[in-house]
There are 2 protein chains.
Amino acid sequence: MLAEIITIGDELLIGQVLDTNSGFIAKALTKIGVSVYQITSVQDDKTHILKAFKDAENHVDIVIITGGLGPTKDDITKKTIAEYFNDTLVLDESVLKNIKELWKKYVRQTLLQVNLDQAYVPSKSKVLMNTLGTAPGMWMEKNNKVFVSLPGVPYEMEALMENEVIPKIKEKFHCPFILHRTLLIYGLGESTLAARIEAWEDNLPKHIKLAYLPDLGRMRLRLSSVGFDETLVRLDVQQQIDAVLPLIQEAFFGFEDEDDSIENIIAKQLTKLGKTVATAESCTGGKIAERFTKNAGASSYFKGSVISYATQSKIDVLGVSKDAIDANSVVSAQVAEAMATHVQELFKTDYAIATTGNAGPTKGDSNEEVGTIYIAIATKNKVFSEKFMLGNHRVKVINKGANKAFEMLLKEILKN
Amino acid sequence: MLAEIITIGDELLIGQVLDTNSGFIAKALTKIGVSVYQITSVQDDKTHILKAFKDAENHVDIVIITGGLGPTKDDITKKTIAEYFNDTLVLDESVLKNIKELWKKYVRQTLLQVNLDQAYVPSKSKVLMNTLGTAPGMWMEKNNKVFVSLPGVPYEMEALMENEVIPKIKEKFHCPFILHRTLLIYGLGESTLAARIEAWEDNLPKHIKLAYLPDLGRMRLRLSSVGFDETLVRLDVQQQIDAVLPLIQEAFFGFEDEDDSIENIIAKQLTKLGKTVATAESCTGGKIAERFTKNAGASSYFKGSVISYATQSKIDVLGVSKDAIDANSVVSAQVAEAMATHVQELFKTDYAIATTGNAGPTKGDSNEEVGTIYIAIATKNKVFSEKFMLGNHRVKVINKGANKAFEMLLKEILKN
C-alpha cells in the first residue's frame, strides 16, 4: 500500500513557510501500514498541480493533498481537483451549516460570500467535516485510487487526519503492519557504532531495513520491517534487537517510541517517581523549559525556571554571589553549579538543571570560546557539572546544549 | 531559471525527521533569482532516486540534493549519483586531509576506513569542501544542467549553500531578480481582508502574484514579481503597495523582511531605543524567552525571565501575593499584571511581558476554560492586560499566546 503526499503553496517553494504537514501525515500513514513513497511540494499553479496528481496516480494508491483551500483567489486546489476528476462544484448544505456556526461562535467580522463559497465541493466527493475551520476536507476515488484534499492549516489538517482520513483508509484497504523500532544511543559516533555492529548488520535478514540517524551528539538506530502478521513482525525485529544490544550495552539509552523525545522519557520517569524539576538557563535561553512545557501534564513535575540571561540577573534573581562570578568567570563550573543549587532551592524541587555558556556568534560577558557551555545538575544533596564544546553555530549550541542537559538529568534520575 | 530540491532519506518519508533543509535551500535560491519548481522527498532507494533525478533533469536547470552522504551502509546517494553520471568514485586528497584534520581536532574515537572512504567522490565532480563535517558537497554538470549533492546535516548543508553553492550559481547563470514583499496585517481575517482589497487585487498587473498567508491570528499578504532590472521590479511592486496601504492602514503592522519575525522587529526597536525587556511566563512555559534568545545579540535587550509554571512559584519567585491569587484565580488579569510588574522590577527592565492561562488539554490550578490566557505588559510607569480565548489545542495556544504577547509589546514600544 503506497501513498504520496502533495503539499501545495508558493509559500513552501520560496521557503517562507516550513512544511510541517508532510511529516505529520507521513507518521500517521506509516503507523497504519501505508508506506509513503514520495512527498512533493508544488506551486499554486494549475498545470503543475495536475501533473503532480497524474504522476502520483501512476505510482501510488493513496494521494493526500494539503493546502490551497482558503477563501481567496490564490487558493486553486478545489477547482483543480474538480477539473482533474471532470467534476463540477456543488453546494454542500452540511458544510454551509458548519461555516455559519463557526462564524457565529468565533468570528466577529461579517460573513462574506467568499466564506459561504467554501461550502462548494466536487459533486463526486465525500465531505470530511472540518469542525475547526471553514475549509472542508474532501475524499475522491478514481480507478480504485483515493485522493484526499485537506486544508493546509496544521491543526485543522491534523484533526481531519485523525478523525476522518485514517479510519476511512483502514476501512477501505487491507494494510500490512509496519514496525519501526529506534534505539537511542549516546556517546558513540556514527562510524564507530557501524564498525561495532558490522557483523550483526551483515547478517540482518534482507527484509529488515537498518538506518543510522545522527542527531546532535546522539545516534538513533532504526530497524524497520513490514508484514501482515503483527506478532511475527514484532518477534522477528525483537530477535535482532536482542542480538545487537549486548554489542552496544553501555551506550544504549532506551527506545524512541512514538514522540519519545528525551524530555518525554524524563517526564515519564519523574511522574512515576513523583519527583520535580526546575531549570536555571543562561545560554539555552528557555529552550529546556520550553521543551518540558510543550507536553501536556508538565505541571505535575516541572515547577518553573529562571532565565538569567544577563549576568546581573544571576546575582539579583538567582542569588549567585558576585565573588563567585568574578573569581571564576560567568561561564564556569562554579557558576553553573551555584545556579543549579539556587534554582533548586527557589522552586523547592528534587532536581535542577543549570546552563551557562556562550552560544555565539560573539563572546558575551566572558572570555570563554564560543560554543563553551557548562551544565550542572543539582539534587537535594549534591551538585555536579560538566563542560562541553559545542561548536560555533548558535542554534546548534542551544539545541545540543539542551540535549546534553536532558541526557545528564536522565542519567542521574535513572540512578534511583 | 528553475530548480528542484530533492531530499533523500527514509526518515523523512516515515515522519521521523522533519525536512527543514528544503525551506532553507528554497529561500536561498529565491533570493538570487532562482525559482524553485518543486521539492521532492524520496526514500533511500536507488531506483526511486534515479527516477527523481531524471524527472528533475527534464524540468529544471539546477537540482539540489541533500542527504544520504554519511559513512554507513544506508547512505547510497554518492554511489547513485556516480551511476546516474556513468562515473566512478576516486579518492580526493583535499577531502581526505579535511577528514583527518576534523578527526584530530574534535573526535576522540578511532578514525575508521568508512570515515576515510568519505573522501571518495565521482571523478567528474567538483568538490565543495565541508569544513564542518566529513561528507563533502559535490557539484556535477551534464547537458548544461547542474546537480549539487549536499550533506543532510542542516548546519553543514547551510554553510555549504552560503559559501559554495550560491556563489557558484550566481557565477554560472544569469539570474533575474525575484522580489517578494510581505505585509504583516493584524486584526483582519483572510476573507475580510480579501473583500476590503478586492478592487485593488482585480487591477493588479498579471505579472505581480498575490498570496494570502493566514498565521495564528495574523495575515501575511505577499506580492511577488520578477525581472532583470532590480530597480524597475522594486518600483513596480512599490506602486502597488502604495495603492493598497490606505485600504488597510489601521491593520498594517510592517513588512516581513527576510527573517523578520515579530520578535526580530521588537529586537530591532529595542536595540535602537536602548531599552530592555524581561518575561514572566506561566502557560507559555518559556516560549517567549526562547524566541527572543534564539537570535544573536539578544543579550543587549533581553535580560531574562521567570517561568513560574507552578502556582506556588508565582508567590515564591515572583512575589505575587497569595491574596491576589485567591481573590481572582491564578488565571486572571490581576495575576498577569502582578507578574509583569514584579518581573520588570526583578530584572530592572524597561518592559516586561507576563502570561498566565490554561494551555490545556485539561484545566490546571484554575477553573478558567482551556485556551483562556491573560497577557500583561508592564512598563516603568504602567501595566495593562488583555484576555484571549485561543481554542483547545495546546501547541496552538502556546504559540498563538506568544504571538499575541509580542504583538501587544510591539504596539506599546511603537507608541514611543
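**View 1. Parallel pairing of strands β13 and β14 in chain B of the predicted model.** In this predicted model, strand β13 (residues 277-281) of chain B and strand β14 (residues 302-307) of chain B run parallel and are joined by five bridges. Within this pair of strands, B:T279 stands opposite B:S305, a residue of β14(B). Strands of a sheet pair through backbone hydrogen bonds, in either the parallel or the antiparallel sense.

**View 2. The open sheet of 10 strands, with members from chain A and chain B.** The strand order is β17(A)-β16(A)-β15(A)-β13(A)-β14(A)-β14(B)-β13(B)-β15(B)-β16(B)-β17(B), and the pairing is mixed. At the edges lie β17 (383-389) of chain A and β17 (383-389) of chain B, each of which pairs on one side only. On average, and with direction ignored, neighbouring strands of this sheet are turned by 15 degrees against each other.

**View 3. The two α15 helices packed on the sheet of 10 strands.** Helix α15 (residues 333-347) of chain A touches β13 (277-281), β14 (302-307), β15 (351-357), β16 (372-378) and β17 of its own chain A, together with β14 of chain B, and its direction makes about 145 degrees with that of β15(A). Helix α15 (residues 333-347) of chain B likewise packs on the sheet, touching β13, β14, β15 (351-357), β16 (372-378) and β17 of chain B together with β14 of chain A, and its direction makes about 145 degrees with that of β15(B).

**View 4. The relation between chain A and chain B.** A turn of 180 degrees, with a shift of 0.0 Å along the axis, lays chain B on chain A with an RMSD of 0.1 Å. The two copies are therefore related as by a two-fold rotation axis. Of the interface residues of chain B, 99% are also interface residues in chain A, so the copies meet through the same surface.

**View 5. The largest nonpolar core and a second, separate core.** The largest nonpolar core has 70 residues, and those with the most contacts inside it are A:I266, A:F292, A:L409, B:I266, B:F292 and B:L409. When its neighbours within four places in sequence are left aside, A:I266 is in contact with A:F292, A:F406, A:L409, A:L410 and A:I413. A second core, separate from this one, has 42 residues, including A:M339, A:A354, B:I325 and B:A376.

**View 6. The salt bridge between A:E57 and A:K142.** The side chains of these two residues meet at 3.8 Å, N to O. The pair links distant parts of the chain, with A:E57 in helix α3 (residues 46-59) of chain A and A:K142 in strand β7 (residues 137-142) of chain A, 85 residues apart. A:E57 counts as buried because its relative accessibility is 9%, under the cut-off of 20%, whereas A:K142, at 24%, counts as partly exposed. Over all chains, a search of the whole structure finds 38 salt bridges.

**View 7. Loop-to-loop salt bridges of A:K380 with A:D350 and of B:K380 with B:D350.** In chain A, the side chains of A:K380 and A:D350 meet in a salt bridge at 3.2 Å, N to O. A:K380 lies in the loop between β16 and β17 of chain A and A:D350 in the loop between α15 and β15 of chain A, 30 residues apart, and the pair thus links distant parts of the chain. A:K380 is exposed, with a relative accessible area of 60%, whereas A:D350, at 14% relative accessibility, counts as buried. In chain B, the closest N and O atoms of the salt bridge between B:K380 and B:D350 are 3.2 Å apart. B:K380 is in the loop between β16 and β17 of chain B, and B:D350 is in the loop between α15 and β15 of chain B, 30 residues apart. The relative accessible area is 60% for B:K380, which is exposed, and 14% for B:D350, which is buried. Elsewhere, salt bridges that share partners join A:K287, A:E290, B:K287 and B:E290 into one network.

**View 8. The open sheet of four strands in chain B.** The strands follow the order β10-β11-β9-β12, with antiparallel pairing, and the edge strands, each pairing on one side only, are β10 (209-215) and β12 (252-255) of chain B. Neighbouring strands of this sheet are turned by 25 degrees against each other on average, direction ignored. Seven bridges join β10(B) to strand β11 (residues 218-227) of chain B in the antiparallel sense, and B:K209 stands opposite B:S224 in β11(B). Helix α10 (residues 230-248) of chain B packs on the sheet, where it touches β9 (177-186), β11 and β12 of chain B, and its direction makes about 15 degrees with that of β9(B).

Definitions and conventions
Residues numbered from 1 in each chain as written. Chains lettered and ligands numbered in written order. Predicted model: local features only at pLDDT ≥ 70, side-chain atom pairs only at ≥ 80, totals over all residues. Heavy atoms only, no water. Pairing = 2+ DSSP bridges. Axes fitted to C-alpha atoms, helices over the stretch in contact; angles between N-to-C directions. Contact = heavy atoms within 4.5 Å. Least-squares fit on C-alpha atoms with pLDDT ≥ 70 in both. Core = buried A, V, L, I, M, F, W, Y, C linked by side-chain atoms within 4.5 Å. Buried < 20%, exposed > 50% of the residue type's maximum accessible area, 1.4 Å probe, protein only. Salt bridge = Lys/Arg side-chain N within 4 Å of Asp/Glu carboxyl O.
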